Amino acid sequence: MEQPKGVDWTVVILTCQYKDSVQVFQRELEVRQKREQIPAGTLLLAVEDPEKRVGSGGATLNALLVAAEHLSARAGFTVSAHQGHLPGDHCSCYGADSPESPSQAPAVLCLLPPPQLGPGSPPGVWVCSTDMLLSVPVNPGEPETTWDHLPSSQPQREASSAFLCPPCLWGLVLDIYYQGTEAEIQRCVRPDGRVPLVSGVVFFSVETAERLLATHVSPPLDACTYLGLDSGARPVQLSLFFDILYCMAENVTREDFLVGRPPELGQGDADVAGYLQSARAQLWRELRDQPLTMAYVSNGSYSYMTSSATEFLHSLALPGAPGAQIVHSQVEEQQLLAAGSSVVSCLLEGPVRLGPGSVLQHCHLRGPIHIGAGCMVSGLDITHSEALHGWELHDLVLQGHRTRLHGSPGHAFTLVGRLDSWERQGAGTYLNVPWSEFFKRTGVRAWDLWDPDTPPAECCLPSARLFPVLHASRDLGPQDLLWMLDRQEDGGEALRAWRASWRLSWEQLQPCLDRAATLASRRDLFFRQALHKARHVLEARQDLSLRPLIWAAVREGCPGPLLATLDQVAAGAEDPGVAARALACVADVLGCMAEGRGGLRSGPAANPEWMRPFSYLECGDLAAGVEALAQERDKWLSRPALLVRAARHYEGAGQILIRQAVMSAQHFVSTEPVELPGPGQWVVAECPARVDFSGGWSDTPPLAYELGGAVLGLAVRVDGRRPIGARARRIPEPELWLAVGPRQDEMTVKIVCRCLADLRDYCQPHAPGALLKAAFICAGIVHVHSELQLNEQLLRTFGGGFELHTWSELPHGSGLGTSSILAGTALAALQRAAGRVVGTEALIHAVLHLEQVLTTGGGWQDQVGGLMPGIKVGRSRAQLPLKVEVEEVTVPEGFVQKLNDHLLLVYTGKTRLARNLLQDVLRSWYARLPAVVQNAHSLVQQTEECAEAFRQGSLPLLGQCLTSYWEQKKLMAPGCEPLAVRRMMDVLAPHVHGQSLAGAGGGGFLYLLTKEPQQKEALETVLAKTEGLGNYSIHLVEVDTQGLSLKLLGTEASTCCPFP
């Protein structure tokens, strides 16, 4: 839905032949603007032609006048001041005409000039036709002339159009031919053997546009505008190409121009010719000295929409394509669509078979239906499906039309053959057979279709009253025409019903078409199929983004059905990942409804009003939880601030489901009983930090179990120390003594828990000692919801309480995995003090569980990196229960020491919680933004490449991995690179193979792989010369080959009150 990069249009004008189309197309343009397909500041105008037959030139002149008046009014003028506006603006004009045949559906989407043509052009006016489909390559190359002059419409590669341009002399157009002779065509051949064709796109420079606009006050050209019509002037028909542009062609003389007649005028009386000659004389005076140039796009193409259904189908389908083209459609059985077929904005349920070269548009059908080759079917609803059962259509065009007859809405149908001729000359056909054969097969007679006094030349398909629009006793359907395809054995019942209906010809039907109802039904069908597709995408766990649908639904004022569908998916999901994604999509809808107001999307989600639905989710009652969420949501829709807060709570609900999914890691947590340490005997657990070299974010739930994760990490000592640890011991008092500090011998936070109430804040990450409290609960030492008091639980099981200390010598928010590794050491020490031993792999899963209990979330890479020694790759599969497997990476002999000599840590002085970034990443992942999905896959893939670089022992390759990894992190979490850090990285870049911020980024430690060994002092000198870097420091780092260490110390007697 994003606007392609191109021109910022000042005004876009759509010209309409019919008065009742103006409001319809005006609303449609505004819808496109809400979808950001047209820039927000662009003035949009749907303009009625002064007369139905003013021609393409007259419609262009009238559109210019209306644009100038509106721009003048916008600028505060009370009279038209177009000369003050056109020079600085880009304008674009289009024409929407009624179709010549049923194969040409009414234009409902106006295409701006291809974005490849607009950029670089000066201010001016683009005029574009809607009767052709233009295809221009992404990079068409430099035009042969600059945009300072008036280029002709973009020429094409094949001489199949009626218009031809001779070769240019310095870019100037010499002549324009209409249905040129063979000799004329040969004169137009370029050196590349091709003939440039006029395509229907014209650019007027400001000077030329103003000169053309100035003619609107001069008779008889004033009759081309609404001002002339309101003044009673006689209408004049002008051609854009053969009146306005033709007078500027280099080789055209005044005499030839004045006596010529534009092809679209046809033959008329002498009075009309004289009136036109006067108009042409005025154009010659104003425009003759303006140069006409062309830009030749050698590899472009276009399809002109003629009255031929065959050509129209060819432009919509993809003949020779290996598969079917499916656009904005939901198709249940795609294998039934033949190669080369096309389905646009349809909902197809059940077996709907489509033959090669056939097109379905704007249909909701339910099979079994068989549409053979060479067909076009459009505008049919599910209520019409039964009429198609049993038929096998071939080479037919079947369309449903919304009508308004004498103010009453209706539904009519047309059926014609793909090969039928819409010309008035020659022998006609209907349903691909001569009229005589049709009459014989059906019993229809000529007098049923045409009045007796109709001249034979006028007895043709466009004027034949074939199509029923009203029946006295029943609704009409496709069956009221399909009976004509075969001899009927119904005793003439179908023929009598057809004759009893009020019927119209194609020409008579056109003014009765209800374009507003047509567009409304198409919009309804678009969202109907989109909701089916959204349900399928979620339930099938597809990596497709629903953001475009969310934006479209909100901007067009219909988010209700989308919210209801998302509720249904979430409530009925068997997979917690599907339910969580559906709730995240609800949050996106609410956020979009806030329209950028109401505050930041990230924020707290613990308002008491939302606790009832949250409690249902916590208890596993998904359906009741989703229903309660929807009930509460309805109270928060009145203003942007409430919408944003509701979105936060929906994301909080999704976090509950993520936690429950990650809790499945408990399956892989096991302990073995060992001898219980004596009272007062300390159990000390120490760990290194970790540095992630590749794959980070892929370990984060839900990516870890929806995509599958792979992270390469190193266990590292910082300045020769293992900076993270915990110690635990049993104490005689039935209490829990907790202490947290920066070093083993310095505890700054001291807490005593004497009752269960003291542990209730274990799930509030910022509460003092929350991690330690959660560790007691996850280790099974304390049951916080037990009926037994805390002292009773401790005395019954252990004969006393516990004392637990944790410490980290690393700064908060370091990015080196401190909190997860700290949780691992606390659990390991507690379990051993309680007479149990837990394996390292089990401990990895136990930390996952603890962090969900703590409600911090997070992935598994930190504990894998710090608890397991050396260099390793952790992996999790795209499945639940979540299981992490670890593989040691073997490196060449001596490479670890080499790595130690080249690896440095720089503390940036900036701290940032990963959680601040985590919410944004999860939001992007659940939205399945294509860039994020692709990047997530790349993270996993590059992990394997990084492991291979370690196996080879190549520092340059590892440096490349680091550099690429940092780019991936920035794409995953925009904003994770502070300006001061970027400045530091730029200064260090010449000295390193690669560098990256550790962890999620945003601050903390920067790790470097230097080109030369032992560069700490040298880089300190480099950074010291750089201003504005703040309070940084450089640290030595080395690979730790031990990982988690656990040891029992001697017995120490506890005091009755260890903490003052």
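## Helix H26

In this predicted model, helix H26 covers residues 818–833, and because a rise of 1.5 Å a residue is expected, its 16 residues should span 22 Å, which agrees with the 22 Å that separates its end C-alpha atoms. Of those 16 residues, 15 are buried, so H26 is largely enclosed by the rest of the structure. The helix is followed by Gly-835, a residue whose phi is positive, near 85 degrees.

## The chain as a whole

The protein chain holds 34 helices and 43 strands, and 56% of its 1060 residues count as buried. When contacts between residues at least 6 apart in sequence are considered, 70% of them join residues that are at least 24 apart.

## Nonpolar cores

The largest nonpolar core contains 179 residues, and those touching the most other members are Phe-693, Leu-712, Leu-714, Leu-736, Ile-781, Phe-802 and Phe-950. Leaving aside neighbours within four places in sequence, Phe-693 is in contact with Leu-712, Leu-714 and Phe-950, and also with Leu-903, Cys-946, Leu-958, Leu-962, Tyr-965 and Tyr-1007. There is also a second, separate core, made up of 60 residues, which include Met-305, Met-376, Phe-413 and Leu-415.

## Cavities

The model has 4 cavities of 30 Å³ or more, and the second largest cavity has a volume of about 50 Å³. This second largest cavity is lined by 11 residues, of which Gln-655, Pro-701, Gly-857, Gly-858 and Leu-918 are the closest to its centre.

Two elements give two or more residues to the lining of the second largest cavity, namely helix H22 (640–662) and helix H30 (914–926), and H30 gives the most, with 3 residues. By residue class, the lining of the second largest cavity divides into 4 nonpolar, 6 polar and 1 charged.

## Gly-560 in helix H18

Gly-560 lies in helix H18, which runs over residues 559–572. Because its relative accessibility is 39%, and the partly exposed class lies between the 20% limit for buried and the 50% limit for exposed, Gly-560 counts as partly exposed. Between Gly-560 and Val-589 there is a separation of 29 residues in sequence, while their C-alpha atoms are 9.7 Å apart in space.

Methods: Residues numbered from 1 in each chain as written. Predicted model: local features only at pLDDT ≥ 70, side-chain atom pairs only at ≥ 80, totals over all residues. Heavy atoms only, no water. Helix = DSSP H or I, 4+ residues; strand = E, 2+ residues; numbered from the N terminus. Expected span 1.5 Å × (residues − 1). Buried < 20%, exposed > 50% of the residue type's maximum accessible area, 1.4 Å probe, protein only. Core = buried A, V, L, I, M, F, W, Y, C linked by side-chain atoms within 4.5 Å. Contact = heavy atoms within 4.5 Å. 1 Å grid on protein atoms, 1.4 Å probe; cavity = no way out; pocket = protein on both sides within 12 Å on 5 of 7 lines; lining within 4 Å. Points joined across faces, edges and corners; volume = space filled by probe spheres on them. Nonpolar A, V, L, I, M, F, W, Y, C, P; charged D, E, K, R; others polar.
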